[in-house]
Amino acid sequence: MGVPSDDAVVIQKGNKPEEPHVVAVNCPDRTGLACDICRTILEFGLYITKGDVSTDGKWCYIVLWVVPHSHSLLRWSNLKNRLVSICPSSCSVSFYLNQQSSPLEASPVYLLKFFCLDRKGLLHDVTRVLTELELTIQRVKVTTTPDGRVLDLFFITDNMELLHTKKRQDETCEQLHAVLGKSCISCELQLTGAEYECHQGMSSLSPVIAEELFHCEISDKESHFQALSPDMTKLKKTNVIIDNSLSPAHTLLQVHCIDHKGLLYDALRTLKDCNIQIAYGRFSPNNSGYRDLDLFIQQKDGKKIVDSDKQSELCSRLRLEMLHPLRVIVANRGPDTELLVANPVELSGKGRPRVFYDVTLALKSLGICIFSAEIGRYSASDREWEVYRFLLEENGKFQLSNIVARNQIVDRVRRTLMGW
């Protein structure tokens, strides 16, 4: 099978710092392609300001206007290479027609193990280095010893597929040493063995915590108003509408909701998991904090969605994903205080990008130290979830037993995750 041409992806940078960059993808189509592209855009820390998607069922054209969400290092050539690797080959158009995206061979998992002296913001500083190096954190185990030292186990994969080389391994360790400085006692990087399987599971969740974290019912109030809002003093409407009157061949799906980081990805991954194909779509610019998404869609068999039960199910699921793309709670874990963050995993097995990065950034900004952390998978509500668990340390500013302090933590973490 041939490989996609570099011409499949064109990135045009803005003429001024405040101008968005334009990412254009022109290649054979497949179900879920737009979702995979938006996921990669989100993984690189970019915010989509507007977008257009068009396909004739065989070939697609996607244009996204993007701006960096932070001042972190961004390698545009690497972004282009990643997007090119996602595009189906132009030599194999017939193979991709009306097919789900085939799973790629799993990347090898490496264990990054370092031992160092603890300090505030340590975990986020390490996470930032790994993110900028395009290393994806699959699992993590962080433990603080009684003498104030930290043993971190990061199970990572390399998006550049170069971690088997000595040059790439040396670059990773050098970047970490530069951030950790003299506090670093030891740093090792090696291909995983049986120890990765031992860390696949996670500590059990109590039924009460699981119910609060994974509930999938929307109350009457939440069905009309946004549960998460950048301005908690205002009620924000969320509407999802299906219309079959405007096109003889396609169903029009309209979403109107509060803007948040990754909104387009959240909508498209839901359609991808429901095996819905997009013929044309427009993601409108932010208007007073709201976003409008208009999509002409079909079922996999090429027909409109006319069944009322299917329409209701699709609208309910989209409304839920717009209201609660991520779950954040603070709970007691024995005598300790625990922060839990959960997000649904795609049917392809991929979790949301940069969650660990955003949570550790929020906690660092609050001056809260992390005693231990772990990432795991959990099945609930007929789907798989990625769950991030952080045991938090008391400090002078935040008395973690105080309900006001806990609400502050939840609010800051939510805002960081949502890009507010």
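Q: What volume does the largest cavity have?
A: The largest cavity takes up about 130 Å³. A cavity here is a set of points on a 1 Å grid over the protein atoms alone, where a 1.4 Å probe fits but cannot get out, and its volume is the space filled by probe spheres set on points joined across faces, edges and corners.

Q: Anything I should know about the model?
A: It is a predicted model, where local features need pLDDT of at least 70 and side-chain atom pairs count only at pLDDT 80 or more, while totals for chains, interfaces and linings use all residues. Residues are numbered from 1 along each chain as its sequence is written, and side-chain values use heavy atoms, with hydrogens and water left out.

Q: Okay, which residues lie nearest the centre of the largest cavity?
A: Those are Asp118, Arg119, Leu122, Leu123 and Ile370, out of 16 residues in the lining (an atom within 4 Å of a point). Helix 4 (122-132), strand 7 and helix 11 (355-366) are the elements that each give two or more residues to this lining. Helices (H or I, at least four residues) and strands (E, at least two) are DSSP runs numbered from the N terminus.

Q: How many cavities of 30 Å³ or more does the structure hold?
A: There are 4 of them. The second largest holds about 100 Å³ of space. Its lining has 14 residues, and Ile48, Lys261, Gly262, Leu263 and Leu264 are the closest to its centre. Helix 1 (33-43), strand 3 (46-55) and helix 9 (263-273) supply at least two lining residues each.

Q: New topic: in what order do the 8 strands of the open sheet come?
A: The order is 1-2-4-3-11-12-10-9, with antiparallel pairing (at least two DSSP bridges between two strands).

Q: Why is one side of strand 1 and of strand 9 left without a neighbour in the sheet?
A: Strand 1 (9-12) and strand 9 (239-243) stand at the edges and have a single partner strand each, so one side of each has no neighbour in the sheet.

Q: And how many bridges join strand 11 to strand 12?
A: Strand 11 (277-283) and strand 12 (290-298) run antiparallel and are joined by 6 bridges. Phenylalanine 283 sits opposite leucine 293 of strand 12.

Q: What about strand 5, which residue of strand 7 does phenylalanine 115 stand opposite?
A: That is leucine 151. Strand 5 (110-117) runs antiparallel to strand 7 (149-158), with 8 bridges between them. Strand 5 is also joined by 7 bridges to strand 8 (184-191), again antiparallel. There, lysine 113 has glutamate 188 in strand 8 as its bridge partner.

Conventions. On a 1 Å grid over the protein atoms alone, a cavity is a set of points where a 1.4 Å probe fits but cannot get out, and a pocket is an open set with protein on both sides within 12 Å along at least five of seven lines; lining residues have an atom within 4 Å of a point.
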